[in-house]
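Colleague: Please take me through this model and explain what stands behind each label you use.

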Amino acid sequence: MSDSESGTPGAQSPLSRRSVLKGLAGAAGLAVVPGALLEACSSSKKTASPPSSAAPAATTSAAAAPTSSAAAAASSSAAVAPASSAAAGGGAATGTITFGSNYSDAVPKAAFAAMIGGFTSANPNAKVTINTVDHNTFQNNINNYLQGTPDDLFTWFAGFRMRFFASQGLATPIDDVWDKIGDNFSDAFKSAAKGDDGHYYFVPLYNYPWAVFYRKSVWAAKGYQVPTTWDAFVALQKQMQKDGLVPMAMGQKDGWPALGTFDIINMRLNGFQFHMDLMAHKVTWDDPKVLAVFKQWTEILPYQQAGANGRIWQDAAKTLLNKQAGMYLLGSFVAQQFTAAPDLADLAFFPYPAIDPANAQDAIDAPIDGFMMSKKVKNQAGATALLEYIGTAGAEALYGKTDPSDVAAATNADTSNYNPIQLASAALIKNSKDIAQFLDRDTNPDFADNTVAAMIQSFFNDPGAVASQLKALEGQAKTVFTS
Amino acid sequence: MTAAASVDNLITAAPIARRRTSERKHVGSHIFLLIITVLWTAPLLWAMYTSLRPYGETAKYGYLSLPHHLTFSNFTNAWSQADILHYFWNSVIITLPAVVITLGLASCVAYVLARFSFWFNIPLLIIFVSANLLPPQVIITPLYRIYLTIHVPHFISNNGLLYNSYAGLIIVNTAFQLGFCVFVLSNYMKTIPNEITEAALVDGASVWTRYWKLTLPLCRPALAALATLLTTWIYNDFFWAITLISSGNKRPITSALANLQGQYFTNQNLLAAGALITAVPTLLVYVILQKQFIAGLSLGSSKG
Amino acid sequence: MLSVGDKVVLSLMVFIPLAIVLFFVWFPAIATVFLSFTTWSGIGGLKAIHADGIQNYHQIATNYPPFVPALEHNVLWLVVFIVFATPLGILIAVLLDQKIRGSRIYQSLIFLPVMLSLALIGIIWELMYSNNYGLINSLIGRNGQTNFIDWLGNPKLNIWAVLVEASWRQVGYVMVLYLAGLKAVDPTLREAATVDGATPWQTFWRVVFPVLRPINVIIVVITVIESLRAFDLVYITNGGTNGLELLSVLVTRNILGQQSRIGFGSSLGVVLLVIALVPIITFLVQQLREEKRR
C-alpha cells in the first residue's frame with residue numbers, strides 16, 4: 001500500500017473494525033436483537049440511491065421484483081422457519097447464474113450445494129452453475145480471475161480482503177440486495193459487508209471462532225480442568241506431556257494455521273488495539289511488544305507438536321481425533337474432521353486463557369465468510385435474487401445443517417438444530433468484546449501468507465533467533481506497506 | 001555407495017569375462033541395473049499396494065502391514081467421486097491437438113532448417129531452441145494480459161478470450177514445446193540422405209511435396225518419440241493449467257486432482273488410487289510408441 | 001530454382017511457427033524485463049504500472065531473506081544433478097547399450113518416473129516420507145509421535161528429500177536421451193576398438209565419449225536448465241517455503257495472490273532469466289561451431 005492509499009483501507013480498517021466488531025457481539029445468531037429495531041439505525045438507507053449497476057435491466061425487473069419481496073417476506077418471518085421454498089424466492093429468478101466457489105472440501109461443498117439447491121428448487125427457471133476450485137488455487141488466482149472471466153458471484157472473505165477488491169473496482173455494489181436483507185443482520189455484519197465507499201459489496205454467510213479444542217472424554221479420564229490463566233495453561237500442558245499426550249497439536253505446512261496462535265497471544269498480551277495497529281503497520285514488527293509475543297510462545301513451544309512445518313492441519317486434527325493430542329488451537333472448522341457423530345459429540349473448546357489480566361479473554365479471531373458479486377456479472381438480476389436468498393435465515397440454516405462447524409451470520413437464523421459446538425461458538429462470539437478477522441484477512445493478505453507465515457516457520461525451526469527474524473520481517477513489511 | 005561399488009566390479013570383471021558368453025559377461029551390469037530398477041520402482045509399487053488396501057484397514061494396522069483385504073474399491077471410488085472421465089476428456093481435448101500442432105509446425109521449421117541454407121537458419125534455430133529453455137514463470141504475467149486482451153472467435157473459445165479456454169492452453173503448450181521439437185526433428189532430417197529429395201527435385205516436385213510426401217514419412221521414428229515425450233509433458237502440465245484456466249471443470253486431469261486432494265486429503269489410499277489412474281494414458285502412449293522411442297530421439301548426428 | 005509457390009510455402013512454414021514463438025514466448029519475456037523496473041499490483045491497465053527504476057533489484061539484494069537460500073538451493077540442485085543424477089543416467093544408458101538381455105524392461109522401468117504426473121509423484125513421496133505412516137520411517141521404526149524423522153518438514157532435511165525425488169525423475173530422462181545418442185554412434189567404431197583389444201571401459205572413454213560430444217553438451221544444458229526450472233516438486237511439497245525456496249517459486253509466490261507484487265516478482269524472474277541465459281548461450285556457441293564444421 002502506498003502512503004497516499006494508506007488513508008483508506010489501512011488506516012481506517014482497525015477503527016471501523018473495532019466499532020464493527022463490538023457490535024458483532026449481537027450477531028451471534030441468538031436473535032437477541034429484533035430485526036426491526038436494527039433497521040431503524042441501519043445505514044443502508046444512506047445508500048438509498050443505488051449506483052447504476054444496482055438498477056435491474058428493464059427486461060428482468062419484472063422477475064426481480066417479486067423475488068425480492070418474497071425474500072423480504074421470508075426474512076422477516078424466518079426467525080424459526082427452516083429453509084422453505086417460500087424463502088427461496090418463489091420461482092422468479094431466471095437464466096443461468098454462475099457461482100465461483102472455493103468450498104472444495106467435502107463438507108462445505110455439500111453444504112453449499114444444499115443451500116443452492118434450496119434456491120433452484122424454488123426457482124425452476126433459474127440454473128446455478130457452481131464452479132468449484134480448490135481453495136489454494138482459488139486464492140492464488142483471484143486477482144486474474146476477477147479481471148478475466150469471473151463468475152457472477154464468488155465466495156470470499158470479509159475484512160481487508162473484501163474492501164480491497166471493492167476499492168479496486170472489481171466487485172459490483174449490492175445495495176439493492178441489502179435493501180431486502182438488511183433486517184436479517186446486525187449492525188456489526190452490516191458494516192463488515194461494506195466497502196470503503198460506504199456501499200455494500202458482501203453478503204455474509206457465517207463466521208466461526210478460533211479457540212482451543214479438546215476431547216471431553218480424554219479430559220475426563222485424566223481429570224484435566226479448563227485453564228483460564230497462563231500459569232494454569234502451562235501447568236496443564238506439562239501434565240499432558242507427562243501423561244504421554246502431545247499437549248498442543250500443530251500443523252503449519254501451509255503457512256497460515258499458526259497465524260491464529262500469533263493473533264491470540266498478541267491480543268491477550270498486548271490487547272486488541274495493538275494487534276490492529278500492527279495489522280495496519282502503524283506499529284512495526286520489530287516492536288518489543290511483538291517480540292514479547294514470541295517470547296511468550298517460546299515458553300509453550302516445548303509442548304507443541306514436533307514437526308509442525310511438515311504437517312497439514314488436517315493431519316494435526318487427526319492426532320486430536322485419535323486422542324494422541326490433548327488440545328488444538330484452530331478455527332471451529334476443525335469439527336469437519338470429526339465426521340463420526342460420537343466423535344463430534346465428544347469435541348469441545350475453551351477460549352484461549354488470559355495472559356495480561358488487563359486484556360482478560362476479551363478478543364478472539366472470528367472470521368466472516370460470504371459472497372460477492374463480480375464487476376463483470378452477466379445475469380445481474382438472477383445473481384441479485386440469489387444473494388437475496390442467501391441473506392435469509394432459512395438459506396443460512398440450510399447451509400449450517402450440512403456444515404455443523406459454523407455460526408450462521410443472519411441474526412434470526414434458526415439455532416434449534418445447532419450442535420453444542422455451534423451453540424458454544426455463537427456464545428463465545430457474542431461474549432467477546434473485540435473480534436478480529438484473522439491475520440491474513442486483517443492485513444495485506446500476501447504479506448501475511450508469504451512473509452509472516454514463513455517467519456513463523458523459521459521461528460519454529462530456531463526459536464532462539466526470533467529477534468533477528470522479526471527484524472528481517474519488518475524490513476520486508478516496510479517495502480510492502482510503502483510500495 | 002552401491003553405484004560406485006558396481007562400477008568397480010564392472011571395470012575389473014569385464015576384461016576377464018570378455019571371451020565368455022555374453023550374459024555372463026554382463027553379470028555385473030545386471031546386478032547393478034536390478035538394484036537401480038528395484039529402487040526406482042519401489043515408491044510406485046508402494047503407492048500401488050496402498051491404493052489396493054481399504055482405508056479402514058491401514059488406519060487400524062498401519063500402512064506397513066500385511067494385507068487382510070485387497071480391493072479395487074479405492075479405484076472405483078476415486079473414479080466416480082473425482083469425476084475422472086470428465087477430466088480425462090479435458091486432457092484429451094488439450095493434449096491431442098497440442099501434440100499434433102506442435103509436431104506439424106516444428107517439422108515445417110525443421111524441414112527448412114535441414115534442407116535449405118538460408119542466412120537466417122542459425123538465428124531461427126536460436127529463437128526456437130532458447131524459447132524452450134526459458135522458465136515458464138518468467139513469462140506468465142504478461143502472458144495473462146495477452147490472454148485477457150486477445151479476442152478470438154467463439155468457436156475457438158466460448159468466452160471469446162484465450163484466457164480460461166482449451167485453445168489458450170493448446171497454444172501456450174505448443175509455443176513452449178516447439179523449440180525442442182524443431183531441434184530434434186531438424187537433426188533427424190539432416191541424417192536422411194539428400195539423394196532421395198534430389199531425385200524428386202529432378203522430377204519437379206514442389207517444396208510442399210518434398211516435405212509432406214518424402215521427408216515426413218521418413219521421420220516417423222522421430223515423430224513417434226517426440227509424440228511420446230510431448231504427450232507426457234503436456235498431459236502432465238501443472239503450471240499453465242492452474243494459472244490460465246479459471247473454471248474448475250475445464251481443468252485437465254492432473255491439476256483437477258488437486259480438488260480430489262482437497263476433499264479427501266486424509267485418505268491416502270483413495271488419493272493414491274486416483275493419482276495412479278492418471279498415469280494410465282501416458283503409460284499407454286509409451287507402450288504403443290515404445291519401439292520407435294529411442295531410435296527416433298536423435299539429438300544430433302554423431303556418426304563418426 | 002524455387003518457384004513463387006515454393007517461396008510462399010517456405011515462408012509460411014517458417015513464419016507461422018515463428019510468429020507463435022515470438023508472440024507467446026519472447027514478447028512476454030521481454031515485457032517481463034520491462035515490468036521488473038516497475039511496481040504494479042496486477043490490477044488495472046497500463047496506467048496502474050509505475051516506473052520504479054532498479055528499486056526491485058535493490059530490494060532483492062538487500063531486503064529479501066528468501067533470495068539467498070533460493071539461490072543456494074538452485075545451485076545445490078544443479079550440483080546434485082551434475083554430480084549424481086546425470087552421471088547415473090549416463091552410466092545406466094551405457095550399460096543398457098551393451099545389448100544385454102532385458103534391456104528394454106530395465107529401460108522402461110527406470111523411465112517410468114519421467115512419465116508420471118505431478119499429482120501422482122506428490123502422493124507417492126508423501127507415502128514414502130510421511131512422519132507417521134511413511135514407508136521410510138515405518139521401516140526404520142521412527143514413526144512414533146515424537147521420535148519420527150521429519151523428512152519434509154525439517155528445513156535441513158527436506159531439500160535433500162526433494163532432491164531424491166528430482167533425481168528419481170532426472171536419471172530416467174538423461175538415460176533415455178543418452179541412449180538415443182549412443183544408438184546413433186557408428187557401431188564400426190566400437191568394433192574396431194574391441195579388435196584393438198580395448199576394454200569396454202576404455203572403448204567408452206576413448207572412442208564413444210568423444211564422438212558423443214554434441215550429446216554431452218545437450219545433456220549438460222538440459223541438466224542446468226532443469227535445475228533452474230525446478231518448480232513443481234517443491235511447489236507441491238509445501239509451496240516452496242521452509243527450506244525449499246527456489247527462484248522459480250519466489251517468482252510465482254510474488255505474482256500470485258490478491259495483492260501481487262508483479263514488478264518485484266518480475267525482477268526475480270529476470271534474475272532467473274539472466275542465469276538461464278548462461279547455459280543457453282554456451283549451448284548456442286557450441287551449436288554454431290557444429291554448424292560451421294559441416
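Colleague: Which residue stands opposite A:Val212 in E8(A)?
Modeller: A:Phe350 stands opposite A:Val212. Names like E8 come from DSSP runs numbered from the N terminus: helices (H or I) have at least four residues, and strands (E) at least two. This is a predicted model, in which local features need pLDDT of at least 70 and side-chain atom pairs count only at 80 or more, while totals for chains, interfaces and linings use all residues. Residues are numbered from 1 along each chain as its sequence is written, and chains are lettered from A and ligands numbered from 1 in the order in which they are written.

Colleague: How do you know that E5(A) and E8(A) pair?
Modeller: Two strands pair if DSSP finds at least two bridges between them. E5(A) and E8(A) are joined by four bridges and run antiparallel, so they meet that condition.

Colleague: In which sense do strands E5 and E7 of chain A pair?
Modeller: Strand E5 (residues 210–215) and strand E7 (residues 325–331) of chain A pair in the antiparallel sense, again over four bridges. One example is A:Phe213, whose bridge partner in E7(A) is A:Tyr328.

Colleague: What is the order of strands in the open sheet of chain A?
Modeller: The four strands run E6-E7-E5-E8, with mixed pairing. Strand E6 (246–248) and strand E8 (347–350) of chain A are the edge strands, as each pairs on one side only. Ignoring direction, neighbouring strands of this sheet are turned against each other by 35 degrees on average.

Colleague: Let us turn to helices. Why is H11(A) called oblique to H12(A)?
Modeller: Two packed helices are described by the angle between their axes and the distance between the axes. Helix H11 (residues 259–270) and helix H12 (residues 272–279) of chain A pack at an angle of about 130 degrees, with axes 6 Å apart. Angles under 35 degrees count as roughly parallel, over 145 as roughly antiparallel, 65 to 115 as roughly perpendicular and the rest as oblique. About 130 degrees belongs to the rest, so H11(A) is oblique to H12(A). The axes are lines fitted to C-alpha atoms over the stretch in contact, and angles run from 0 to 180 degrees between N-to-C directions.

Colleague: Which residues of H11(A) and H12(A) make the contact?
Modeller: From H11(A) they are A:Asp263, A:Asn266, A:Met267 and A:Asn270, and from H12(A) they are A:Phe272, A:Phe274 and A:His275. Residues are in contact if their C-beta atoms, placed from the backbone, lie within 7 Å. The contact divides into three nonpolar, three polar and one charged residue. Here Ala, Val, Leu, Ile, Met, Phe, Trp, Tyr, Cys and Pro count as nonpolar, Asp, Glu, Lys and Arg as charged, and the others, Gly among them, as polar.

Colleague: What makes H12(A) largely enclosed by the rest of the structure?
Modeller: Six of its eight residues are buried, so H12(A) is largely enclosed. A residue is buried if 20 or more other C-beta atoms lie within 10 Å of its own, exposed if 12 or fewer, and partly exposed in between. The buried ones are A:Phe272, A:Phe274, A:His275, A:Met276, A:Leu278 and A:Met279.

Colleague: How do you know whether A:His281 is buried or exposed?
Modeller: A:His281 has 21 other C-beta atoms within 10 Å, so it passes the cut-off and is buried. A:His281 sits in the loop between H12 and helix H13 (288–300) of chain A. Most residues other than glycine have a negative phi. A:His281, though not a glycine, has a positive phi of about 60 degrees.

Colleague: What makes A:Ala360 count as it does, with 14 C-beta neighbours inside 10 Å?
Modeller: The count of 14 falls between the two cut-offs, so A:Ala360 is partly exposed. A:Ala360 lies in the loop between E8 and strand E9 (363–365) of chain A, and has a positive phi near 45 degrees.

Colleague: And in chain B, why does B:Ser165 count as buried?
Modeller: B:Ser165 has 22 C-beta neighbours inside 10 Å, so it counts as buried. Its place is the loop between helix H8 (140–149) and helix H9 (166–191) of chain B. Setting aside neighbours within four places in sequence, B:Ser165 is in contact with B:Ser157 and B:Asn159.

Colleague: Finally, how many residues of chain B are in contact with chain C?
Modeller: 81 residues of chain B are in contact with 86 residues of chain C. Helix H3 (residues 27–51) of chain B supplies the largest share of chain B's side, 13 residues. That side divides into 57 nonpolar, 22 polar and two charged residues.

Key
Two residues are in contact if their C-beta atoms, placed from the backbone, lie within 7 Å.
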